[in-house]
Amino acid sequence: MKRSRIPDVFKNRKKFRVAASESDHLLDESNVALSEVPSDTKAALLYLRSLVNVKAFEDRIPPIVFKQQVYSIVSCKTVVDKQINDLREKKEIKLFRLGKESDAFAIVFTDNYRDHIRKTLADSPAKERFLETVIEKSSDVSLDQKTMTNFGFKDEEITQLLHGGVLNVRDVGSWWIAIPGAGIFMKCFTKGRDSVLRTIRKSKYQKILQKELEERKLVAVKKLGIQYHIHDIIGAELVTKQDTTSGPMLTLDV
């Protein structure tokens, strides 16, 4: 029996030298390519964003993702927190306080937030200034009076932004940056989460196979979808996910 011949391409017959300038050029191209590869956290955010059907909300919200949902995909919270902070500093994403928990942060890609503001806010100098300063220059989740004054906002313009839903009062002289339409979203999100947790609570031993949960026809999760809510309850540590021979098992944390 003849041995299969190894193609010449795998044989190291000659040594080639690459000129320094050519080598540097290839290295630069490689670095550019690597910089364009999304981090694990950004890839997770892009996937979670794809789960949000804004048409179900009549385009009244941008795609909103919760920080804890990323924890259900990228297991190391330290890595997630660092990469989210990096994306925030690079102005690729905006963070918002949503929900009653002090650590409940929602994430919207900056491009989506900008488009949402252009679409929902009435044309005015305050709107244009908000787009040019708060969105383009600030990575904070809240703003104080000094910052708003430095950005050129007058008191009456701040009032306009409050009425437009892009600011919420945090304290005297400080405001949370907000998402117009977030109230509609949060109502739907809360109902969906409660429905999913109630289903698991009523299951035997308060546990259920993930695939079985996905097959349940739960009306309250229709708008956001069952996958969106599963990532939420796992990341928020409301349930424990455990691999079994029948597939992932979700057990209610009591």
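Biologist: Which residues does S174 touch, once residues up to four places away in sequence are not counted?

Modeller: A contact list of this kind shows which parts of the chain meet in space. In this predicted model, S174 touches L143, D144 and V169 when residues up to four places away in sequence are left out. S174 itself lies in strand β6, residues 174-177.

Biologist: Is S174 buried or exposed?

Modeller: The relative accessible area answers this, with buried meaning under 20%. S174 has a relative accessible area of 13%, so S174 is buried.

Biologist: Which residue is the bridge partner of D144 in β6?

Modeller: Bridges tell us how strands are aligned. The bridge partner of D144 in β6 is S174, and D144 is also among the residues that S174 touches. Strands β4 and β6 pair in the antiparallel sense over three bridges.

Biologist: What is the order of the strands in the open sheet of three strands?

Modeller: The order is β4-β6-β5, with antiparallel pairing. The edge strands are β4, residues 142-144, and β5, residues 167-171, each of which pairs on one side only. On average, neighbouring strands of this sheet are turned by 35° against each other, direction ignored. Helix α8 packs on the sheet and touches β5 and β6; the direction of α8 makes about 110° with that of β5.

Biologist: Which residues touch the most other members of the largest nonpolar core?

Modeller: First, the general idea. In soluble globular proteins, nonpolar side chains tend to be buried together. Now the present case: the largest nonpolar core has 36 residues, and Y113, F130, L161, L167 and F185 touch the most other members. At least two residues of this core come from each of β3 (105-109), α5 (110-120), α6 (125-137), α8 (155-164), β6 and α9. Apart from this core lies another, of 17 residues, including Y71, L95, V141 and W176.

Biologist: With which residues is L161 in contact, leaving aside its neighbours within four places in sequence?

Modeller: L161 is in contact with L121, A126, F130, M148, F153, V166 and L167. Two of the names in that list, F130 and L167, also appear beside L161 among the core residues that touch the most other members.

Biologist: How does strand β9 pair, and with which strands?

Modeller: Each pairing is read from its bridges. Strand β7, residues 207-209, pairs with β9 in the antiparallel sense over three bridges. Strand β8, residues 239-244, pairs with β9 in the antiparallel sense over six bridges. T251 of β9 takes part in both pairings: T251 is the bridge partner of K207 and of T240. A hairpin joins β8 to β9 through two residues. As for its cover, β9 spans residues 247-252, and five of its six residues are buried.

Biologist: Why is helix α11 described as largely enclosed by the rest of the structure?

Modeller: The general idea concerns helix geometry. An α-helix has 3.6 residues a turn, so residues three or four places apart point the same way. For the case at hand, the count of buried residues gives the reason: nine of the 10 residues of α11, residues 226-235, are buried, so α11 is largely enclosed by the rest of the structure. The buried residues are I226, Y228, H229, I230, H231, D232, I233, I234 and G235. After α11 comes E237, whose phi is positive, near 60°.

Biologist: Which residue other than glycine has a positive phi near 60° in the loop between α9 and β7?

Modeller: Backbone angles are best read together with position and cover. Y205 has a phi near 60°, a positive value in a residue other than glycine, and Y205 lies in the loop between α9 (182-202) and β7. Y205 is exposed, with a relative accessible area of 65%. K91 is not a glycine either, and has a positive phi of about 65°. K91 is placed in the loop between α4 (77-89) and β2 (93-97). With a relative accessible area of 26%, K91 is partly exposed.

Biologist: How many helices and strands does the protein chain have, and what share of its residues is buried?

Modeller: Totals for the chain set the local features in context. The secondary structure comes to 11 helices and nine strands. Buried residues make up 41% of the 254 residues. Among contacts with a separation of 6 or more, 60% are between residues 24 or more positions apart. The accessible surface of the chain comes to about 15700 Å², of which 50% belongs to carbon and sulfur atoms.

Note on methods:
Residues numbered from 1 in each chain as written. Predicted model: local features only at pLDDT ≥ 70, side-chain atom pairs only at ≥ 80, totals over all residues. Heavy atoms only, no water. Helix = DSSP H or I, 4+ residues; strand = E, 2+ residues; numbered from the N terminus. Buried < 20%, exposed > 50% of the residue type's maximum accessible area, 1.4 Å probe, protein only. Contact = heavy atoms within 4.5 Å. Pairing = 2+ DSSP bridges. Areas by Shrake-Rupley, 256 points an atom, 1.4 Å probe, with all protein chains shown as cover. Core = buried A, V, L, I, M, F, W, Y, C linked by side-chain atoms within 4.5 Å. Axes fitted to C-alpha atoms, helices over the stretch in contact; angles between N-to-C directions.
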